[in-house]
Amino acid sequence: MSPGIYCAEALQNDVFKTLSQVAQKLDLECYVIGGYVRDYLLKRSGSKDIDIVAVGDGIALAQALAAALPGCSEVSVFKNYGTAMLQYQDMTLEFVGARKESYAQHSRNPKVSPGSLSDDQNRRDFTINALALSLDPNNWGALLDPFKGMEHLSDQKLITPLDPQITFSDDPLRMMRAIRFATQLGFTIDEKAWQSIKDQASRIKIIAPERIVDEINKILATPKPSIGLALMYEAGLLDMILPELTALLGVEEIEGQKHKDNFWHTLEVVDNISLTTDKLWLRWAALLHDIGKAPTKRFDPKIGWTFHGHEFLGGKMVHKLFKRLHMPLNEKVKYVQKLVAMSSRPIIIAEDFVTDSAVRRLVFDASDDLEDLMTLCEADITTKNAKKQKRYLQNFATVRQKIVEVEQRDHLRNFQPPIDGAEIMKTFGIGPSPFIGQIKESIKEAILEGEIPNEKEAAHALMIKKGISLGLTPIHITL
Ligand code: ATP
Ligand code: MG
């Protein structure tokens, strides 16, 4: 305990007063606990998730609060977990009855029984997350800190309340949480805890993939995700969760020719992109952009190391990976796949003389994701050779400039063919047939190659020409 520390300032919102009053009526002790208290003490800007622990029935407390405080949302009750949740203003309040937990070896679902506040603090993951504030009017705002959480906050340490072997074995998700907090807060994982994580990394397999991905997403949302990714690797967790990434580790040398270590390169790319975008899925694309390189790596005595087709294969691997980790299989996976599959396109253009038609094809293929693709490719430049870096960046600037020119002239984003199938059928008096596709394709190609402008009149003329070359006769010409 830390007698004497009071944090009444953290409890200014009227919700805490009302909560205290209803708790008294129900003859319950209740406390604010966990992330809200930690973030208040760290002066991290306003946590909106508030965890309340009641010594007694947490669900009844939530319901009593909702009845007493105008403006509260309905209470969502999760009977199986003995928890309840409600919204008030911009805050989410979660209620739980103080509990003791005991775990069986092969499950992460504990046996739960009612307990005291200190039982409840014991089952928390880290000492800094076990800090509680009293809502008892006689002890308003008193900080209850049984495990030196305050000291660990100022030492910036992640330490488990119990023996770390027990804490991590009971609920292996805590290993990911440790790494996530280390990344978010810049804290160090205590040595004993770190050793336990390394010992028990393989137990992560009993955890639902969705929960692991939640933690990875939080790591990816930080300014420097490589901290957490490197810790996951060192702990042995990454190998179990994302083996596609650890497969990129290492540098091979044949006949004096080396390739770069694509794992550490990937981590640099993720950090780079995090300087310029907050988009979670773009950060995922950066994380996965090179995964096709491990299975496609070859050594060719004439040209050295090659990774032919790694982008295409990488795109396919993204889908499998998303499926395995129960990640969204909707437009999110398609977006990441597309960026991975296209991840070398701008650099290929930039390495060479930047032609209009290559840029036109890039704009056409990337469409609405062009900006994100360019962001990814710029982040992909990790060369330490200053001259090379300068050249790449200059070439990318040229690509960007050409994009603007091509866009203004050709309107290729979300390309709508200037001639549609119905018009082709009418012109040649034919029904649906493969000719339609062939004519449309040749018009699209001619536009992308810059042979004709993206305009109706020119496309119409080409349609007639192409139709005749296919043996068709125009019978109805309108323009
Ligand atoms: P954030 O909200 O920023 O993710 P948090 O610490 O509030 O951080 P939550 O997942 O909201 O994390 O959980 C609230 C509190 O519940 C934590 O502070 C911790 O005390 C406890 N907790 C959450 N998950 C676990 C777990 N797996 N093991 C033990 N305690 C946990
Ligand atoms: Mg929280």
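In this predicted model, one salt bridge spans the interface of domain 1 and domain 2. R177 pairs with D125 in a salt bridge, and their closest N and O atoms are 2.5 Å apart. Polar contacts add to the picture: eight residue pairs, both partners at pLDDT 80 or more, are counted between domain 1 and domain 2. On the side of domain 1 that touches domain 2, the elements giving two or more residues are α4 (117-122) and α5 (149-155). Helix α5 gives the most to this side, with four residues. By residue class, the side of domain 1 that touches domain 2 holds six nonpolar, nine polar and eight charged residues.

The domain assignment places domain 1 at 8-155, domain 2 at 156-241 and domain 3 at 421-469. The C-alpha centres of domain 1 and domain 2 are separated by 23 Å. Contact between the two involves 23 residues of domain 1 and 24 residues of domain 2. The size of an interface is often given as the accessible area lost when the parts come together. Between domain 1 and domain 2, the buried area is about 2,000 Å². Carbon and sulfur atoms give 55% of that area.

Within domain 1, which covers 8-155, R99 was examined individually. R99 lies in strand β6, residues 99-102. The relative accessible area of R99 is 13%. R99 is therefore classed as buried, the cut-off being under 20%. The side chain of R99 reaches the backbone oxygen of Y81 at 2.4 Å. Y81 also appears among the contacts of R99 beyond four places in sequence, together with G82 and T83. Further contacts of R99 include V112, S113, P114 and G115. D119, D120 and R123 are also in contact with R99. Of the elements noted above at the interface, α4 spans 117-122.

A further site of packing is helix α19, residues 356-366. The buried residues of α19 are S357, V359, R360, L362, V363, F364 and A366. These buried residues pack against five helices, namely α17 (331-341), α18 (345-351), α20 (370-379), α21 (386-410) and α23 (434-449). Domain 3 is assigned to 421-469, and α23 covers 434-449. Just after α19, S367 adopts a positive phi of about 50 degrees.

Key. Residues are numbered from 1 along each chain as its sequence is written. Chains are lettered from A and ligands numbered from 1 in the order in which they are written. This is a predicted model: local features need pLDDT of at least 70, side-chain atom pairs count only at pLDDT 80 or more; totals for chains, interfaces and linings use all residues. Side-chain values use heavy atoms; hydrogens and water are left out. Domain bounds come from an automatic or database domain assignment. Contact means heavy atoms within 4.5 Å. Buried area is the accessible area (1.4 Å probe) that two parts lose on being put together, summed over both. A salt bridge is a side-chain nitrogen of Lys or Arg within 4 Å of a carboxyl oxygen of Asp or Glu. A polar contact is a pair of N or O atoms within 3.5 Å; within protein, one must be able to donate a hydrogen and the other to accept it, and residues adjacent in sequence count only if both atoms are side-chain atoms. Ala, Val, Leu, Ile, Met, Phe, Trp, Tyr, Cys and Pro count as nonpolar, Asp, Glu, Lys and Arg as charged, and the others, Gly among them, as polar. Buried means under 20% relative accessible area, exposed over 50%, partly exposed in between (1.4 Å probe, protein chains only).
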